[in-house]
Amino acid sequence: NAAFGSQALANNTTGRNNTAVGSGALANTTTIYGSTAVGRNALMNQSFDPGVDWWQSQNTAVGEEALFTNNPTSADPMDGFANTAIGFKTLRNNATGSRNVALGSNALFSNTVGEGNVALGHTAMRSNTTASYNVAVGTWALYTQSYDNSGGRYDTENTAIGYIALHANQPTGTDNGVKNTAVGSQSMHHNTIGSDNTAIGRMSLANNTTANFNVAVGSNAIENQSYANGDAAYDAANTAVGVSALQSNQPTSTTTGIYNTAIGAAALNQNTIGSNNTALGIMAGFNLTTGDYNIHIGNQGIAAEGNTIRIGDSNQTRAFVAGIHGVTPAGDGPLTVVVDSNGQLGTAASSSSVLSVFGRTGTVVPATSDYDAAQIDNTPAGGIAAADVQAAINELDTEKAATEHTHAASQITGV
């Protein structure tokens with residue numbers, strides 16, 4: 001053993017291979033093997049004696065009052081075992097937590113029984129007590145998380161990397177505020193009980209509080225989503241990949257602003273309460289605000305529209321779609337596809353552009369008095385001349401208007 005400082009290793013009996021540097025360092029240990037304490041009162045209260053000549057705790061404490069409270073209650077390696085604390089009062093209140101790593105002043109300061117946590121940075125995970133298997137890298141990362149599950153160890157499995165990432169995360173039970181990943185300065189900064197979220201990029205999901213199952217990749221992705229549902233968790237399940245994608249999304253209830261997918265820089269950027277929208281491409285669906293069930297690929301869309309598919313914009317002047325030419329549809333009643341000047345596709349012309357042979361407007365519906373083109377040829381008959389089928393139909397329509405008399409097909413001769 002090596003001891004330097006007042007009361008360093010003062011009560012050691014059979015413990016060996018320990019290093020204590022500083023006043024009160026390892027002061028109360030008796031039979032511990034292989035501990036290192038550097039700093040005033042570092043590992044001061046570790047005093048458990050299992051009744052054997054020596055036993056290993058494998059704790060390392062560097063810094064004033066680092067691992068100050070650590071005191072295993074058994075020789076079980078799950079009990080106050082293999083902790084590393086480097087920095088002023090790091091892991092100060094740890095009692096029986098094991099395999100924790102704290103680097104930075106006050107990192108994991110309040111931890112008591114939580115295990116397998118890694119906290120790197122000034123006050124990273126400072127308030128954690130019993131939550132386990134978290135990673136916090138960055139000043140104030142995962143700072144607030146303090147739910148103690150009535151003193152019982154439980155798994156939260158949150159990862160926060162970046163300045164104040166997941167800073168406000170605060171479970172209220174063992175099933176919320178868990179399994180989040182936040183990478184980037186201020187990513188998921190305001191999250192409280194939201195779970196299973198992934199945010200990668202500066203300010204990604206920064207204002208999310210209680211929503212679950214979101215994926216935000218890119219700076220400012222889903223940045224403004226803050227609806228808290230009365231502090232109750234709910235599923236939003238939005239996915240945004242690209243800088244500022246879905247940035248303005250803001251549900252006002254558990255049924256708005258949810259289930260959107262935006263891939264591309266600024267895709268669905270202006271959407272607020274629209275749901276079930278899909279946008280692919282830079283600024284795809286950018287103009288959408290409140291509409292639902294839209295699919296926009298390479299098109300910025302129109303505010304508030306819904307149930308619409310838009311592919312491409314004015315930059316595209318030709319369209320090629322495989323699997324159409326030379327293919328006969330398998331379904332009943334194939335229809336002619338038409339397109340208007342706005343590029344909208346359909347299977348019937350609108351009422352403003354269709355006029356029947358006999359003056360009826362709207363979709364042409366055959367009637368018993370209509371002429372059938374198959375009944376007309378180019379042979380003059382009955383005083384009616386026709387250069388071709390279309391001319392015959394037009395002329396018959398003109399005659400009808402003049403005589404107010406409808407001819408039956410049987411009255412046409414010479415066919």
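1. Let's start with a salt bridge in this predicted model. Glu305 pairs with Arg310, and their closest N and O atoms are 2.9 Å apart. The two partners sit in unlike surroundings: Glu305 is buried, at 12% relative accessible area, whereas Arg310 is partly exposed at 26%. Because the cut-off for buried is under 20%, Arg310 does not count as buried.

2. Elsewhere, salt bridges with shared partners link Arg40, Glu64, Glu65 and Arg92 into one network. The whole structure has six salt bridges, and it is worth taking two from this network in turn. Glu64 bonds with Arg40, with 3.0 Å between the closest N and O atoms. Glu64 belongs to the loop between β6 and β7, and Arg40 to the loop between β4 (36-38) and β5 (55-56), so this salt bridge ties together parts of the chain 24 residues apart in sequence. Both ends can be found at the partly exposed level: Glu64 has a relative accessible area of 31%, and Arg40 has 42%.

3. The other salt bridge to look at here joins Arg92 and Glu65, whose closest N and O atoms are 2.6 Å apart. Arg92 comes from the loop between β7 and β8 (101-103) and Glu65 from the loop between β6 and β7, so parts 27 residues apart in sequence are tied together. Are these two residues buried or exposed? Both Arg92 and Glu65 are buried.

4. While you are looking at that part of the chain, find Asp76, which is placed in the loop between β6 (60-62) and β7 (84-86). Asp76 is partly exposed, with 38% relative accessibility. Its C-alpha is 9.4 Å from that of Ser57, and the two residues are 19 apart in sequence.

5. Now for the aromatic rings. How many aromatic pairs does a search of the whole structure find? The search gives three. One of them is Tyr147 with Tyr154, an edge-to-face pair with ring centres 5.5 Å apart and 75° between the planes. Tyr147 is partly exposed at 24% relative accessibility, while Tyr154 is buried at 5%.

6. Tyr227 and Tyr234 make another pair: the centres of their rings are 5.5 Å apart and the planes meet at 70°, so this pair is edge-to-face. The cut-off behind that label is an angle over 60 degrees, which is why 70° qualifies. Tyr227 is partly exposed, with 22% relative accessible area, and Tyr234 is buried, with 5%.

7. One more ring deserves a look, this time with a charged neighbour. Arg126 lies over the face of Phe109, 4.3 Å from the centre of the ring.

8. On the surface, look for a nonpolar patch formed by Val241, Ile263, Leu280, Ile295, Ile297, Ile309 and Ile311, which together have about 600 Å² of accessible area. Two elements, β22 (295-297) and β23 (309-311), give two or more residues to this patch. Ile309, found in strand β23, is exposed, with a relative accessible area of 61%. Because exposed means over 50%, Ile309 passes that cut-off.

9. The backbone offers something to check as well. Most residues other than glycine have a negative phi. Ile164, however, has a positive phi, near 45°. Ile164 is placed in the loop between β13 (159-161) and β14 (181-183), and it is buried at 7% relative accessible area. Leu166 also has a positive phi, near 50°. Where is Leu166 found? Leu166 is in the loop between β13 and β14, and it is buried, with a relative accessible area of 0%.

10. Finally, step back to the chain as a whole. Its secondary structure comes to one helix and 25 strands. The chain has 415 residues, and 41% of them are buried. About 19300 Å² of the chain is exposed, with carbon and sulfur atoms supplying 55% of that area. As for contacts between residues at least 6 apart in sequence, 19% join residues at least 24 apart.

Definitions and conventions. Residues are numbered from 1 along each chain as its sequence is written. This is a predicted model: local features need pLDDT of at least 70, side-chain atom pairs count only at pLDDT 80 or more; totals for chains, interfaces and linings use all residues. Side-chain values use heavy atoms; hydrogens and water are left out. Helices (H or I, at least four residues) and strands (E, at least two) are DSSP runs, numbered from the N terminus. Buried means under 20% relative accessible area, exposed over 50%, partly exposed in between (1.4 Å probe, protein chains only). Rings of Phe, Tyr and Trp (its six-membered ring) pair if their centres lie within 6.5 Å; planes under 30 degrees apart count as stacked, over 60 as edge-to-face and the rest as tilted. A charge sits over a ring if NZ of Lys or CZ of Arg is within 6 Å of the ring centre and within 35 degrees of the ring normal. Patches are made of residues with over 30% relative accessible area and no salt bridge: like charges are joined within 9 Å, nonpolar side chains (Val, Leu, Ile, Met, Phe, Trp, Tyr) within 5 Å. Accessible areas come from the Shrake-Rupley method with a 1.4 Å probe; for residues, only the protein chains shown count as cover. A salt bridge is a side-chain nitrogen of Lys or Arg within 4 Å of a carboxyl oxygen of Asp or Glu. Contact means heavy atoms within 4.5 Å.
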